Amino acid sequence: MNYQQFVEQNKDEMIIALQRAVRINSERGESFLSKEGQTYPFGQGIQDALEYFLELGKNMGFEVKNVDNQAGHIDFRGTGDSLVGILGHIDVVPAGVDWKTDPFGGEIIDEKIYGRGTTDDKGPVIACLYAMKALKDAGYVPNATIRLILGLDEETGNWTGLEHYFTKERRPDYGFTPDGEFPLINGEKGTLVFDVVKKFSKNNVKGLELRSLKGGMAPNSVADNARAVVNSPDPSIYDILKEKITAYRSLTGYKINYKGIGKSLEITVSGVSAHGAKPEAGLNAISIMMELLAQFNFANEDTNDFIAFYNKYIGFCLDGEKLGIAMEDQKSGHLVFNVGMAEVSKDAAKLVLNLRYPVTYTSEDVFAPMMEILTKYNMGLVKKAIKEPVYFEPDSRMVQDLWDIYKEHTGDIESQPMVMGGGTYAKATPGIIAYGALFPGDEDLMHQKDECIEISRFLQTAKIYADAIYKLSSENYEN
């Protein structure tokens, strides 16, 4: 059965489908009630994306279902009782700034499709859908139902939509998520998203004040921006602050600017964005800002204490060592620590942290040492999302089968299954492996500006997924 030829025949249609998907801004928005009385829990953009993908699947002849606007699925019905799941997501992280193209334009430049979601995760989801279509066009009747599940709030780290979905729909028996790397991810570190918060005491002392500080866009991205506004009843202090900023900028080479706003001074810092699982690839603007502000003397001692805490126990450290949580194991390596967002006002401070911890540890192994330090500084910890580790033995059947398919398509016999810090829907339900779509050696532009996918890779990915779906849904397949 030559279903691969149908992947080739659908190439132009695939490209157009991805371009249209990218043009829907599916950053998370506010929940609202539609004119028809339906609740759109993640905002209009994500709702539009869900309806677009379901309509696309329906037009291909598949059965589709919208589950309370919380998630959806596209079914390729088969004859057997097994349910093969493909778990993807169609929400995206905020686009950010300084793109060379419109992040929601889907432009093609030099045989690459540009736009937020082209690699994470709209492109891979489209590739899976067209892999299903190729099999269907070739007359294939699977021995299982193949279900492409569309998640809507993966990037926020909460996954409430998918949790709701699984209260209404059957969980897959096994399958994959196209939201990782090739050849495949046989393990994922545990993922934690939580806030560190501190309430400031009221301060009646006149002097330099940190009116506000904001930085970052999402917990699972390295903060590439930070903005602080300081105010003083003595305008002459600004000349001293400007000298400190200039000296620090000259010493470090960091991108820092300042300007007067009314009777206040605005300070902006530019860092380098990266995925929160790989913070070493970026430069955290919040950490730069905190190191700079440590040179100022604010009238409110709670403000000074918070800044001192940050620099002593977090700073630019990416493995949690300063907070006493550096840990590692042979299977998955060391803990990864990322400061995704920060917000400071006259009254309180909040950090949004995103950690990835080794597969042989538990979330409490991480929280317990931190709490000892936070308690000393009268800080609180608010847990937002806890996703325990996932691990498949390298010699398990599904790992071996998916790995073999990758090798057949690429000729790459050197790359090995890996454990990663990124969190995917493999953590959402048992039996799911992260399989592609980033190829070894390709630049990882997920969560970064100028995200794009090479058209040749896009097509190759669909062909790999077609073989994977065929294998997993064949007669008497059991993982």
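# Close-up views of the predicted model

**C452 is buried, with a relative accessibility of 12%.** The model shown here and in every other view is predicted. The residue counts as buried because its relative accessible area of 12% falls under the cut-off of 20%. How many disulfides does the structure hold? The structure holds zero disulfides. In keeping with that count, C452 takes part in no disulfide, and the nearest cysteine sulfur, that of C128, is 19 Å away. A pair of sulfur atoms must be within 2.5 Å to count as a disulfide. Another cysteine, C317, is also buried, at a relative accessible area of 17%.

**Helices α10 and α11 pack against each other.** Helix α10 covers residues 397-410 and helix α11 covers residues 455-472. Their axes are 10 Å apart and form an angle of about 145°. The crossing of the two helices is right-handed. Which residues make the contact? From α10 come M398, D401, L402, I405, Y406, H409 and T410, while α11 contributes Q460, K463, I464, D467, A468, K471 and L472. Sorted by character, the residues of this contact divide into seven nonpolar, three polar and four charged.

**A salt bridge joins the side chains of K384 and D195.** The N to O distance of this pair is 2.7 Å. The structure holds 20 salt bridges, and the one between K384 and D195 serves here as an example. K384 belongs to strand β21 (residues 380-387) and D195 to strand β12 (residues 190-199), so the salt bridge ties together parts that are 189 residues apart in sequence. Are the two partners buried or exposed? K384 is partly exposed, with a relative accessible area of 43%, whereas D195 is buried, with a value of 4%.

**E266 and R227 meet through their side chains in a salt bridge.** Here the distance from N to O is 2.5 Å. E266 is part of strand β16 (residues 264-270), and R227 is part of strand β14 (residues 225-231); the pair therefore ties together parts that are 39 residues apart in sequence. With a relative accessibility of 11%, E266 counts as buried. R227, by contrast, is partly exposed, and its relative accessible area is 37%.

**D442 forms a salt bridge with R457 of helix α11.** The closest N and O atoms of this pair are 2.8 Å apart. Where do the partners lie? D442 is in the loop between β25 (437-438) and β26 (452-454), and R457 is in helix α11, so the salt bridge ties together parts that are 15 residues apart in sequence. D442 counts as partly exposed at 27% relative accessibility, as does R457 at 23%. Elsewhere, salt bridges that share partners join several residues into one network. The members of this network are E63, K65, D75, R77, R147 and E169.

**Cis peptide bonds join D120 to D121 and F182 to P183.** Most peptide bonds are trans. The bond between D120 and D121 is cis, with omega at about 5°. D121 is placed in the loop between β7 (112-114) and α4 (122-137). For the cis bond between F182 and P183, omega is about 5°. P183 is located in the loop between β10 (180-181) and β11 (185-188).

**D68 and D98 each have a positive phi.** Most residues other than glycine have a negative phi. Although D68 is not a glycine, its phi is positive, at about 55°. D68 is found in the loop between β3 (63-67) and β4 (71-76), and it counts as partly exposed at 40% relative accessibility. What is the value of phi at D98? Phi of D98 is near 70°, a positive value in a residue other than glycine. D98 lies in the loop between β5 (82-89) and β6 (108-109). The residue is exposed, with a relative accessible area of 59%, because exposed residues are those over 50%.

Technical notes
Residues numbered from 1 in each chain as written. Predicted model: local features only at pLDDT ≥ 70, side-chain atom pairs only at ≥ 80, totals over all residues. Heavy atoms only, no water. Axes fitted to C-alpha atoms, helices over the stretch in contact; angles between N-to-C directions. Helix = DSSP H or I, 4+ residues; strand = E, 2+ residues; numbered from the N terminus. Left-handed = near helix turned anticlockwise from the far one by under 90°. Contact = heavy atoms within 4.5 Å. Nonpolar A, V, L, I, M, F, W, Y, C, P; charged D, E, K, R; others polar. Buried < 20%, exposed > 50% of the residue type's maximum accessible area, 1.4 Å probe, protein only. Salt bridge = Lys/Arg side-chain N within 4 Å of Asp/Glu carboxyl O.
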